[in-house]
Amino acid sequence: MTERAARRIHQVLKAEPVGSALRISVNGGGCSGFQYAFDIAHGREADDLVIERDGVEVLVDPTSLEFMQGSVIDFVDDLIGQSFKIENPNATASCGCGTSFSV
């Protein structure tokens, strides 16, 4: 997780109950086969991977972790808008907008 991503997650979680975290998961769908989902979690599962930086936590379930191993979570603010971006070394292709991928 980059410093930019941690800062943005911190801003988002300010409005949530203490102990909340960002959950990133991989679901079937999207134009390339798989897509990322970003949700606020108000608790964690026993088998979640917890990624912590600068006091914020990101949770990833074991199934999603298989698809995201070695990925970098970033936050970008550019001309087309603000969004979290996943740089995934396992993706063999992705759609033009970067929200879905294939392995």
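This report describes the overall build of one protein chain and then four of its residues. The structure is a predicted model.

**The chain as a whole**

Two helices and eight strands make up the secondary structure of the chain. From start to end, these elements come in the pattern α-β-β-β-β-α-β-β-β-β. The chain has a radius of gyration of 13 Å, close to the 13 Å that the globule rule gives for 103 residues, so it is as compact as a globular protein of that length. Along the principal axes, the C-alpha atoms fill a box of roughly 35 × 35 × 20 Å.

Of the 103 residues in the chain, 35% are buried. The accessible surface comes to about 6,000 Å², and carbon and sulfur atoms account for 50% of that surface. The chain carries 8 positive and 15 negative charges, and the mean positions of these two groups are 7 Å apart. Contacts between residues at least 6 apart in sequence can also be sorted by separation: 46% of them join residues at least 24 apart.

**Four residues and their exposure**

The table lists the relative accessibility of the four residues. A residue counts as buried under 20% and as exposed over 50%, with partly exposed in between.

| Residue | Relative accessibility | Class |
|---|---|---|
| Asp 48 | 10% | buried |
| Val 56 | 3% | buried |
| Val 58 | 0% | buried |
| Asp 39 | 41% | partly exposed |

**Two valines in strand 4**

Strand 4 covers residues 56-60, and Val 56 lies in it. Val 58 has its place in strand 4 as well. With a relative accessible area of 0%, Val 58 is under the 20% cut-off and therefore counts as buried.

Which residues does Val 58 touch, not counting residues up to four places away in sequence? They are Met 1, Ile 9, Leu 22, Ile 24, Leu 49, Val 50, Ile 51 and Ile 73. On the same basis, Val 56 touches Met 1, Ala 6, Ile 9, His 10 and Ile 51. Met 1, for example, is in the list for Val 56 and in the list for Val 58.

Distances in space can be set beside distances in sequence. Val 56 and Gly 19 are 37 residues apart in sequence, and their C-alpha atoms are 9.3 Å apart. Val 58 and Arg 7 are 51 residues apart in sequence, with 12 Å from C-alpha to C-alpha.

**Asp 39 in strand 2**

Asp 39 is placed in strand 2. Its relative accessibility of 41% falls between 20% and 50%, so Asp 39 counts as partly exposed. Leaving aside neighbours within four places in sequence, Asp 39 is in contact with Ala 21, Leu 22 and Arg 23. Gln 69 is 30 residues from Asp 39 in sequence, and the two C-alpha atoms are 19 Å apart.

**Asp 48 in a loop**

Where does Asp 48 lie? Its place is the loop between strand 2 (34-41) and strand 3 (49-53). Although in a loop, Asp 48 is buried at 10% relative accessibility.

The side chain of Asp 48 makes a polar contact with the side chain of Arg 23, at 2.6 Å. A polar atom of the Asp 48 side chain also lies 2.8 Å from the backbone nitrogen of Glu 45. Not counting residues up to four places away in sequence, Asp 48 touches Arg 23, Leu 59, Val 60 and Asp 61. Arg 23 is thus a contact of Asp 48 and also of Asp 39.

Terms used
Residues are numbered from 1 along each chain as its sequence is written. This is a predicted model: local features need pLDDT of at least 70, side-chain atom pairs count only at pLDDT 80 or more; totals for chains, interfaces and linings use all residues. Side-chain values use heavy atoms; hydrogens and water are left out. Helices (H or I, at least four residues) and strands (E, at least two) are DSSP runs, numbered from the N terminus. The radius of gyration is taken over C-alpha atoms; the globule rule is 2.2 Å times the number of residues to the power 0.38. Buried means under 20% relative accessible area, exposed over 50%, partly exposed in between (1.4 Å probe, protein chains only). Contact means heavy atoms within 4.5 Å. Accessible areas come from the Shrake-Rupley method with a 1.4 Å probe; for residues, only the protein chains shown count as cover. Lys and Arg count as positive and Asp and Glu as negative; His and the chain ends are not counted. The place of a charge is taken as NZ of Lys, CZ of Arg, CG of Asp or CD of Glu. A polar contact is a pair of N or O atoms within 3.5 Å; within protein, one must be able to donate a hydrogen and the other to accept it, and residues adjacent in sequence count only if both atoms are side-chain atoms.
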